[in-house]
Amino acid sequence: MNALILLGIDTSGKTASVAVCDEENVLAQTSVLTRLTHSQVIMPLCSDVLRNAGISLNNVDAMVVSSGPGSYTGLRIGVSAVKAMSFAMKKKCLGVSTLESLAYNMRGFHGVVCTVMKARLNLMYTAFFTSHMNVITRIFDDTILTEEDIISRIKSYHGDIVLVGDAAAELYSKDGLSELENVNLAPPHLRLQLASSLCYASFDKQFGTAETLNAEYLQATKAEKDLIDELQAKNA
């Protein structure tokens, strides 16, 4: 049986990342901390990665995309790209939590993985996972918490814990976390989103069709917030 080949796309944050992986190998990967919008770079990156892997999109069995949380615009770009390719190529696809994908960056770590991404003000998207024998297991669902609440949860663990995500360094510098022997900060090359981790978070999941793929924002978009404010003002 031929190995399953996945194309992974992550545009949930400032990094645009694309990878082609089978279950044993990262065939090709490119990650760019880009100043351009993801809509300008993501399709050229896909072309480059497929070429570097020596395969075409026809050879890809399924596609996976980071479905959130993250940048609203970035998520829409990534999800739209995968939906379009899935429709055109009649390929299966899947959306995976950005926070779960980040946890897979630390699959070789033994302990608790705390994934954190900046949301707004002092709020962060977060989820906690255990990492043991290369198996990542979720502790609780993706949520939004204050920095103080996340720090409190981190301090409640007595075993080794590692912080991953674009808010990890900021959180690590606060309230004495960096001075705790059991609290670690992921190294720079593993701290941000990686499309290869997205692929490896996906191999044991059930893939669907483009019709079922949607972004998961975890909080209301600006348009939704404006509508809520408008309705509340009318009802006041």
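These questions and answers walk through a predicted model, from its sheet to its helices, loops and two buried residues.

Biologist: In what order do the five strands of the open sheet lie?

Modeller: The pairing in this open sheet is mixed. Its edge strands are β3 (26-33) and β5 (92-97), each pairing on one side only. Across the sheet, the order of the strands is β3-β2-β1-β4-β5.

Biologist: By what angle are neighbouring strands of this sheet turned against each other on average?

Modeller: Take the five strands in the order β3-β2-β1-β4-β5. Direction is ignored here. The average turn between neighbours is 15°.

Biologist: Are the residues of β1 buried or exposed?

Modeller: Leu6, Gly8 and Asp10 point one way from β1 (6-10). Leu7 and Ile9 point the other way. Five of the five residues lie under the 20% cut-off, so β1 is largely enclosed by the rest of the structure. The residues of β1 are buried.

Biologist: Which residue of β2 stands opposite Leu6?

Modeller: A hairpin of four linking residues takes β1 into β2. The two strands pair in the antiparallel sense, over five bridges. Opposite Leu6 in β2 stands Cys21.

Biologist: Do β1 and β4 run parallel or antiparallel?

Modeller: Four bridges join β1 to β4. Across this pair, Leu7 stands opposite Met63 in β4. The direction of the two strands is parallel.

Biologist: Over how many bridges do β2 and β3 pair?

Modeller: Strand β2 covers residues 15-21 and pairs with β3 in the antiparallel sense. In this pair, Ala16 stands opposite Val32. The number of bridges is seven.

Biologist: Which strands does α1 touch as it packs on the sheet?

Modeller: Helix α1 covers residues 38-53. Its direction makes about 25° with that of β2. The strands it touches are β1, β2 and β3.

Biologist: At about what angle does α2 run to β4?

Modeller: Helix α2 covers residues 72-89. This helix lies across β1, β4 and β5. Its angle to β4 is about 160°.

Biologist: Why are α1 and α2 described as oblique to each other?

Modeller: Their axes come within 10 Å. Angles under 35 degrees would count as roughly parallel, and 65 to 115 as roughly perpendicular. The crossing of α1 and α2 falls in neither range, so the pair is oblique. The crossing angle is roughly 40°.

Biologist: Is the crossing of α1 and α2 left-handed or right-handed, and which residues of α2 meet α1?

Modeller: The way α1 passes α2 is right-handed. On the α1 side, the contact holds His38, Ser39, Ile42, Met43 and Cys46. By class, this contact has six nonpolar, three polar and no charged residues. The α2 residues are Gly74, Ile77, Ala81 and Met85.

Biologist: Which two residues does a cis peptide bond join?

Modeller: Most peptide bonds are trans. This cis bond has an omega of about 5°. Pro69 sits in the loop between β4 (62-68) and α2. The joined residues are Gly68 and Pro69.

Biologist: What is the phi of Met133, and is this residue buried or exposed?

Modeller: Most residues other than glycine have a negative phi. Met133 is not a glycine, yet its phi is positive, about 55°. Its loop runs between β7 (123-132) and β8 (135-138). With a relative accessible area of 69%, Met133 is exposed.

Biologist: In which loop is Asp175 found?

Modeller: Asp175 has a positive phi of about 55° and is not a glycine. Its relative accessible area is 52%, over the 50% cut-off, so Asp175 is exposed. Its loop is the one between α5 (168-172) and β11 (183-185).

Biologist: What is the relative accessibility of Leu163?

Modeller: Leu163 is in strand β10 (residues 161-164). Beyond four places in sequence, it touches residues including Cys114, Ile154, Leu171 and Leu185. Leu163 counts as buried because its relative accessibility is 0%.

Biologist: Which residues does Ile55 touch, beyond four places in sequence?

Modeller: Ile55 is in the loop between α1 and β4. At 18% relative accessibility, it is under the 20% cut-off, so it counts as buried. The residues that Ile55 touches are Ile5, Val20, Leu50 and Val60.

Terms used
Residues numbered from 1 in each chain as written. Predicted model: local features only at pLDDT ≥ 70, side-chain atom pairs only at ≥ 80, totals over all residues. Heavy atoms only, no water. Axes fitted to C-alpha atoms, helices over the stretch in contact; angles between N-to-C directions. Parallel < 35°, antiparallel > 145°, perpendicular 65-115°, else oblique. Left-handed = near helix turned anticlockwise from the far one by under 90°. Contact = heavy atoms within 4.5 Å. Nonpolar A, V, L, I, M, F, W, Y, C, P; charged D, E, K, R; others polar. Buried < 20%, exposed > 50% of the residue type's maximum accessible area, 1.4 Å probe, protein only. Pairing = 2+ DSSP bridges.
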